[in-house]
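Welcome! Below is a small set of exercises with worked solutions, to be read with the structure open beside you. Take them at your own pace.

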Amino acid sequence: MQYTLLILILPLLSFILLGLVDSKWKPRVAGSIGTSVLGIVALLSYFTAWKYFSSAGFSGTYETLIPFHVEWLRFTEQLHIDLGILLDPISVMMLVVVSTVSLMVHIYSFGYMKGERGFERYYAFLSLFTFSMLGLVVATNIFQMYIFWELVGVSSYLLIGFYYTKPEAVAASKKAFIVTRFADLGFLIGILILSFYTRTFDFGILTSGDANVFAGMTGATFMGASVLSWATALIFIGGAGKSAMFPLHIWLPDAMEGPTPVSALIHAATMVVAGVYLVARLFPIYHFYTPDVLHGIAYVGAFTSLFAAVIACVQTDIKRVLAFSTISQIGYMMVSLGVSGYGGHEGLGYMASMFHLFTHAMFKALLFLGAGSIIHAVHSNEMSRMGGLRKYMPVTHITFLVACLAISGIPPFSGFFSKDEILSATMHFEPALGYLMSFTAGLTAFYMFRLYYNIFWGKEHKQEHTPHESPWAMTIPLIFLATVTVFAGFIPFGEFVSSDRKPFESELEPMVAGMSIVVALIAIFFARYMYRKENPLPDKLANTFAGLHKAASHRFYIDEVYMFITKKIIFNHVSTPIAWFDRHVIDGTMNGLATVTQWGSLKIKWFQSGRIQQYAYVILLGALIIAALVIFI
Amino acid sequence: MTGLFDNFFSGSVPLEGYIIVSLIMFFAGVYGFLSRRSLLMILISIELILNAADINFAAFNRYLYPGHMEGFFFTIFTIAISACETAVAIAIVINIYRNLNNVDVDNLQELKEPDSPEEIKK
Amino acid sequence: MNILSIFVLIPLLMMIALFFTKTRGQINFIAATGASILVILSGILTYLYLTERQAGNVAEMLFTSDVIWYAPFNIHYSVGVDGVSVAMLILTSLIVFTGVFASWRIDPMPKEFFLWFCLLSIGVYGFFISIDLFTMFMFYEIALIPMYLLIGIWGTGRKEYAAMKLTLMLMGGSAFLLVGILGIYYFSGAQSMNLLDIAANHIPLGVQHYLFPLTFMGFGVLGALFPFHTWSPDGHASAPTAVSMLHAGVLMKLGGYGAFRVAIYLMPEAAHEMAWIFLILTGISVVYGAFSAVVQTDLKYINAYSSVSHCGLVLFAILMLNETAMTGAIMQMLSHGLMTALFFALIGMIYGRTHTRLITQMGGLMKIIPFLGVSYVIAGLASLGLPGLSGFVAEMTIFVGSFQHADIFHRVLTIIAASSIVITAVYILRVVGKLLYGKVQDPHHEELTDATWWERLSVVTLIIAIVAIGSAPFWISNMIHDSLMPVMSQLMR
């Protein structure tokens, strides 16, 4: 399966080519190159997936294949960074997700970014991102993952800051990079600790479940916790940064300043699930050696999920609502991984998490692209500027509705199946957590339909010119993704992805499924009642719970806390004093030495007065003294 | 003529006499050199020091190496050089006088560095 | 003739030729020709070196040559290179080459400028090829003196102050160094000042305790060791573009190279015992430089503090005394040399257009001068350690290497030093955001023109080198790694 290398190399070449020609070619040419490359990559990914799942199924378990592998940089005899391609069920699944969504975004951008300054640059960055993300998912070792982890971070930075003349975009890109960089530091330290004890970066060895690998770490503790727990917790911090887990989520809502297709690709479907993927990749370590950390991940995920859902209910910017919704849904995936066991039905959570990753990528990309289509029509992100759009934009309306139903968990749309499995896995682990997640599912349905009714129903807002349906380049991806969303739920996912790589049948639990459908429907009807027609209830509710509403719409002041820490503490109370110290104390000491030297030389300068008579007098005195000494002693 | 010289040197004037004279001349010169502010007086003091040295030359030559003449030659040589030196010095003094309208050494500070850092910065 | 001596000879010939030039065209022609020859020569040297090694030549130093220079004191002119020096020679050649193009329109007195510039390169080349302590020291001094004139005459801002400060502090360092070197020679009882001879002898441990700090600090001043780093911000800020490039790019590496070659190699026992003191100091350098850079507003100051931080990492890794970390240190010298030179070149070019270096007075330049803007972003990304560019490779080698230390003290220090990558991101993105993005601050900036061909040549050369090291690090990493064996065996002794 050597040809899988092409999946990586083609986008890289496309990036280099488009980056070098810059604006010398016509935008259409540059866009076509990027898109056709992605088309080939997507086809290759589908082919790989087909080959992998059809050929590997016979032995009963899916094998790990490494079709390509080179040593890139050698540190010591055992520790070396290799670059390679690793195929196993989750990486193949991710290949499909990334290349599909990326291809859709490439096509969509033809319409959405038409006439933008820097069209070629945009496609170059998209290629760079696709390359990095694909490299991340096929990483054979943890350091390769780190390398591509950084690269996706940079592509995300470049794409968020695509409109670089807009100060908000610049600030958002900076924030995204620095927050994730901070998390990456945790990741790096985690890697260092892990590799110090295990003497390897290789996923194959790390996740083999062989206790000898971690033999060096037994008994090693640091501040009360085992070193291995520290390592895995730190690695999770890296994942939490990329996947916007509380409290490192603050960059994601701001990242919506980037072009909308970018939000769909990077900040909804692919890059933000890298953290989930990382935990899934290292799942055996978490499960067998540090279950405490794994449970911690579940609780972090659950809290984030609820927290983000609450905020999403009161945001007015449609992209922000979707961003918080993304955070909330990733929280679901984390919970699901956190509560999962290993093997067979115990590993339902693991499989559900990956399934939800897959379905979520499709319907969330669809939601973002739909939102992009709306923004394209009304030139605003604010919900208040929309309303009654269903008449003007039929395709967008239908596809958006499909996605809303999917995320709310209404059968037979894909989100229902994956979310239901997550809920039943959580129920098995801890019923309280299960009810919490069901409640969050209700919130999800509520805010999604609040969005839906506000955009497509409700009072029509007076537009400067009549909104119209988007061009075909934008509607085709919508229709495609909507089709996937409708049918993806029927994929027997357990056949392909499971914690121990053995196919298993997962079946619906009627109790859990029934409850989640009821909750979702209630939430939807509530939203319909509140937002379909003009209704004073939302304002009344907002006034009744004024404190909560205000706090939620300010995102619970987490951003303010961060601003306080960065601006006030780091900037004003660390960096400024250090710079002052440098200029005044250290430099002052050096200047002080110079001043003392100068002062000293001035003090003894009278000695060299230039008066010959004075010199002669001193000579005479000296001669007399020496003579006296010679004579009398 | 020889008799006169013989009487003169035959013990009536001891070496110490010459040395005392030259010592007084020398220290008078040194004192003048150190204390006077006028260039002319300093020049005269230098002449005194030189002449004190000349006397010593002549006296020591006579007492230590009677019959040899090197000391006397050297004295004459020194006198000639000091004459030249005086001529040059007087020329300098005259030039200084033309520039400054006096010949006081304390006023000759044109080439000197200023005394304090404030002045340096100017 | 020995190939290594040609490195010193070419700048010398350039100086002679420059004496007879009259027009700017002739001056530039000679400078460009000489610099190109040097680049080609370093390529040839690398090739020859690698083929020799391939052929199984395991001598510690290759291409050695030895001429008695002053017999009474056993001073020889002896040269030789290993992988580390080859890497440094490549770096020097690239930076001299790009420096020449960055000063294509230097004003006033181009002829004198290039004369001193050539003298400076003689010093640097000589230092890297020498294996005789005294010759090494002499070339070191040769490199220092032209700096004073280059900054004092062609600099900007408080140039006299900066030039004086830089020269005096570095001279102070070299005073320590001279005592150290003479002490090493005397107490080792070797028959010459040749490094290899001295290494074969043993310096008594009691003496090492005095000589190690002297030598390490002497070189450390040049490597911006805290608290002797303050010459660097002022010096770099005032120096003309090409001098900043050469100084931050190569001269600061003399410090790291010297500390490695003389202090650690010749006095391994003391290095083991006293490393912790300097590790703390360099650890401070790393974090402290990064934090200081966060609040600066002058582009050159930001970069100078960033250099303090990155060069601190070089000395930090050297002191870890293990193979991987030291390989990382040498890679970091190479990588930092290239990217800081790129930074200073770009800052010089931007300053030449906007006549200000304060980031508060600039903005939105990306739109107006896209070539310089994009290059600045690339330099920034290299500096904050983006994979695929040289900074990542070097820093990761350092962190992984340092973390292999058995002692928990060293590992904790490594984590502290690693935290600088976050702070680096903060100041780099702050500058990029303010300088290149956003709205154009000054309406006059709307009419700026983008880079000229000589500027492009200089910038592109550096970027290619950075990308090459960053994406294919193995060959250079292996070359350096193999050359560390003698040092490691000294340390094991």
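**Exercise 1: Meet chain B**

Chain B holds five helices and zero strands. The model you are looking at is predicted.

Task: Work out which pattern chain B follows along the sequence, and what share of its residues is buried.

Solution. Step one: reading along the sequence of chain B gives α-α-α-α-α. Step two: a residue is buried if 20 or more other C-beta atoms lie within 10 Å of its own. By that test, 11% of the 122 residues in chain B are buried. Step three: take the contacts in chain B between residues at least 6 apart in sequence; 48% of them join residues at least 24 apart.

**Exercise 2: Two helix pairs**

Task: Decide whether α2(B) and α3(B) are roughly parallel or roughly antiparallel, then do the same for α13(A) and α14(A).

Solution. Step one: in chain B, find helix α2 (residues 15–35) and helix α3 (residues 39–64), whose axes come within 8 Å and cross at roughly 160°. Step two: angles over 145 degrees count as roughly antiparallel, so α2(B) is roughly antiparallel to α3(B). Step three: α2(B) passes α3(B) in a left-handed crossing. The residues of this contact between α2(B) and α3(B) are 19 nonpolar, six polar and no charged.

Step four: turn to chain A, where the axes of helix α13 (residues 291–312) and helix α14 (residues 318–339) come within 7 Å, crossing at roughly 160°. Therefore α13(A) and α14(A) are roughly antiparallel to each other. Step five: the crossing of α13(A) past α14(A) is left-handed, and the residues of their contact comprise 17 nonpolar, eight polar and no charged.

**Exercise 3: The build of chain C**

Task: Find out how compact chain C is for a globular protein of its length.

Solution. Step one: count the elements of chain C, which come to 21 helices and two strands. Step two: the radius of gyration of chain C is 21 Å, close to the 23 Å that the globule rule gives for 493 residues, so chain C is as compact as a globular protein of that length. Step three: the C-alpha trace of chain C spans about 70 × 55 × 45 Å along its principal axes. Step four: 63% of the 493 residues of chain C count as buried. Step five: among contacts in chain C between residues at least 6 apart in sequence, 80% join residues at least 24 apart.

**Exercise 4: An enclosed helix**

Task: Explain why helix α9 of chain C is called largely enclosed.

Solution. Step one: check the residues of α9(C), residues 231–238; eight of the eight are buried, so the helix is largely enclosed by the rest of the structure. Step two: locate some of these buried residues, including C:Trp231, C:Pro233, C:Asp234 and C:His236. Step three: look at the cover over them, which includes α5 (133–154), α6 (159–188), α10 (241–266) and α12 (299–319) of chain C.

**Exercise 5: Where chains touch**

Task: Which chains have the most contacts between them?

Solution. Step one: two pairs of chains touch, and the most contacts are between chains A and C. Chain B and chain C do not touch, with their nearest C-alpha atoms 13 Å apart. Step two: the contact between chains A and C takes 39 residues from chain C and 35 residues from chain A. Step three: among the elements of chain C that each supply at least two residues to this side are α11 (268–294), α16 (390–403) and α18 (420–435). Step four: the residues on the side of chain C that touches chain A divide into 24 nonpolar, 13 polar and two charged.

Technical notes. Residues are numbered from 1 along each chain as its sequence is written. Chains are lettered from A and ligands numbered from 1 in the order in which they are written. This is a predicted model: local features need pLDDT of at least 70, side-chain atom pairs count only at pLDDT 80 or more; totals for chains, interfaces and linings use all residues. Helices (H or I, at least four residues) and strands (E, at least two) are DSSP runs, numbered from the N terminus. The radius of gyration is taken over C-alpha atoms; the globule rule is 2.2 Å times the number of residues to the power 0.38. A residue is buried if 20 or more other C-beta atoms lie within 10 Å of its own, exposed if 12 or fewer, and partly exposed in between; C-beta atoms are placed from the backbone. Two residues are in contact if their C-beta atoms, placed from the backbone, lie within 7 Å. Ala, Val, Leu, Ile, Met, Phe, Trp, Tyr, Cys and Pro count as nonpolar, Asp, Glu, Lys and Arg as charged, and the others, Gly among them, as polar. Axes are lines fitted to C-alpha atoms, for helices over the stretch in contact, and angles run from 0 to 180 degrees between N-to-C directions. Angles under 35 degrees count as roughly parallel, over 145 as roughly antiparallel, 65 to 115 as roughly perpendicular and the rest as oblique. A crossing is left-handed if the near helix is turned anticlockwise from the far one by less than a right angle, and right-handed if clockwise.
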